[in-house]
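The following exercises concern a single protein model. Study the sequence and the structure, attempt each task, and then compare your reasoning with the worked solution.

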Amino acid sequence: MNETAASLHNPPAGLGRRLPKNAALRAWVEESAELCRPESVFWCDGSEEENAFLQGQALALGVMTKLNPEKAPGSFIHRSNPNDVARVEQSTFICTRERDAAGPTNNWAEPREMYARLYGMLKGAMQGRTLFVIPYLMGPPGSPLMKVGVELTDSLYVVLNMRIMSRMGAAAYDQLDGGGEFNRGLHSLLDVNPERRFICHFPEDNAIVSVGSGYGGNVLLGKKCLALRIGSYLGRRENWMAEHMLLLCVESPEGEKTYVAAAFPSACGKTNFSMLIPPPAFEGWKVRTIGDDIAWMKPGPDGRLCAINPEAGYFGVVPGTNSQSNPNAVKMISRDTIYTNVATTEEGDVWWEGKDGPAPAHCIDWRGQPWRPGSPGAAAHPNSRFTTPMANNPALAPEADDPRGVPISAILFGGRRATTAPLVYQSFNWSHGVYIGATMGSETTAAAAGAVGQVRRDPMAMLPFCGYHMGDYFSYWLGMRKQVADLPLIFGVNWFRKSPEGAFLWPGFGENMRVLKWIVDRCHGRAPARETAIGWLPRREDFIWRGLEQFTAEDFEQVQRIDPLEWRAEADSQAEFFAKLGDRVPNELLLQRELLIARL
Ligand code: SAT
Ligand code: MN
């Protein structure tokens, strides 16, 4: 069932032939077809009719399998090549004329050399295949933050996913027909060979070329490639920010709305946090999702930082999703969802580790092999994903479609840390907050290929996604102080602290509402805090504990504990990271580190 691209035969009349008026687009598609030599070119219009046709083709070609409509209506399973199950950071390149523009945290290649290499691989690569043209928008139509992209691909899986993840088709044609710039993304599966897998960004050309993969962020080019890597580069040029952040709205029983942005690395619970259900003690409080992964933000006319979610769907981690951890997601992915690399049951349903109910006696694992409880390895890949439209989310905020975006009151930076970092603290000011973001550490997860569980510095959760020099990125963040009159407050959070015995100290999930409530109250000047060496911390009595009385004063003390020795080690490891970035780290951040040491 791994995708080997094939050609579509005889699309019904009227499908695949919607030519745009945009001459630059037509010329580029022609050039690309000349290079890749597809058997046919299919122009996607995003219609229901087209989607039904392409789903049928995907079934016929074995790219996807239909799930049992009684168990998972409108849903499909795709199994990717087992060599291709996560983002590949070592094969991801930023190609700028100057090496220094990409900085030491990115792989760099000279653009002309990289184009030559990629075009060499792409030459004739789509023979016997269909080249799909996918015009799409990132962001609600009419938003000042909206961007236009076009992805050319030989993968049906990509087309069907892009249709969920972006505003694909007609709305994008409207923009393209009016002329104007668009991002050019060229993707081919080639032969899905890790040796010929490259995810390359050309920010100076607003272009992306991705080859050799058929998985997620490597190939849904609107997401990490355009919305973050190219986006961050364009943002600095055009005075906006592209960030790896969820966006949520907290609404009080009185109807007061507070908008929060939060950066966590991949697979650290952004999706769960963005749609959490408050515990019963918070009757009348609501959390609604604007986005679960990416925020584009811009200084607004009212002096606040204004944010949109550029995406239209969620590409979320499946394992561990259940009615305890994320009841909204359980409903959301119960229909019209594309599953990638989960297990399937005999009844044609999907299964994963941590799903509600008992494990099936036997199933087919993510590789397509028979699996039963006790079999070696997981049935669902730890980075298995759902692709689901945001409209499926019972907690969707209506603002998710508002072209004006929402004003941000708080920014949260959170890593996955077993030690050192407390559950929550607030920075002293913007500069200190940027320092908290810049020094974020987190244990690595299955979202990227490589070892899992090692602490690495992941500034603003953007280490794999910043399209230019990280030192310049920090300066850009600091500079926002001059652009935004009414700055968001900045907080550090950590849901993942463990006891010396290795048990999670904090229950997390819906209980994170207790933390969120304190943050919201801080934003409105309603909650006290005490000053410590690392920032402002809540006292136990500043939280609502009803329904979680078993979490004792000692537990709170343990989850909030600041160990000066651990923090000295932390500051040392930060210094190593800053040293790697060289002399482009702003002095202001180096000074923040020294102030921390002095306070400790
Ligand atoms: O595969 S993706 O890069 O889109 C998901 C993630 O790692 O956040
Ligand atoms: Mn992400």
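**Exercise 1. The metal site**

Is His 244 buried or exposed? Determine also which atoms hold the manganese ion (ligand 2) and where they lie along the chain.

*Solution.* The model is predicted: local features need pLDDT of at least 70, side-chain atom pairs count only at pLDDT 80 or more, and totals for chains, interfaces and linings use all residues. Residues are numbered from 1 along each chain as its sequence is written, chains are lettered from A and ligands numbered from 1 in the order in which they are written, and side-chain values use heavy atoms, with hydrogens and water left out.

Step 1. His 244 is buried, with a relative accessible area of 0%. Buried means under 20% relative accessible area, exposed over 50%, and partly exposed in between (1.4 Å probe, protein chains only).

Step 2. Donors are N, O and S atoms within 2.8 Å of the metal (3.2 Å for Na, K and Ca); water is not among the atoms, so sites may look incomplete. For the manganese ion (ligand 2), the protein donors are Lys 224 (NZ), His 244 (NE2) and Asp 293 (OD), at 2.0 to 2.2 Å.

Step 3. Along the chain, these donors have the spacing K-x19-H-x48-D. Lys 224 belongs to helix H8 (residues 222–238), while His 244 sits in the loop between strand E12 (241–243) and strand E13 (245–251); the two are 20 residues apart, and the pair links distant parts of the chain. Helices (H or I, at least four residues) and strands (E, at least two) are DSSP runs, numbered from the N terminus.

Step 4. Lys 224 is buried as well, at a relative accessible area of 5%.

**Exercise 2. A pocket**

Describe the second largest pocket and state which domains it lies between.

*Solution.* Step 1. On a 1 Å grid over the protein atoms alone, a pocket is an open set of points with protein on both sides within 12 Å along at least five of seven lines, whereas a cavity is a set where a 1.4 Å probe fits but cannot get out; lining residues have an atom within 4 Å of a point.

Step 2. The second largest pocket holds about 350 Å³ of space, a volume being the space filled by probe spheres set on the points, which are joined across faces, edges and corners. Its lining has 17 residues, and Arg 163, Ile 164, Ser 166, Ala 312 and Pro 389 are the closest to its centre.

Step 3. Helix H2 (48–60) and helix H5 (156–165) each supply at least two residues of this lining; the largest share, three residues, comes from H5.

Step 4. Domain 1 (6–61 + 83–238) and domain 3 (314–392) both contribute to the lining, so the second largest pocket lies between them. Domain bounds come from an automatic or database domain assignment.

**Exercise 3. Strand E7**

Which strands pair with strand E7, and in what sense?

*Solution.* Step 1. Two strands pair if DSSP finds at least two bridges between them.

Step 2. Strand E6 (residues 130–138) and E7 are antiparallel, with seven bridges; here Leu 137 stands opposite Val 148 in E7.

Step 3. E7 and strand E9 (residues 183–188) are parallel, with five bridges; Gly 149 stands opposite Asn 183 in E9.

Step 4. Strand E7 (residues 147–153) is largely enclosed by the rest of the structure, because six of its seven residues are buried.
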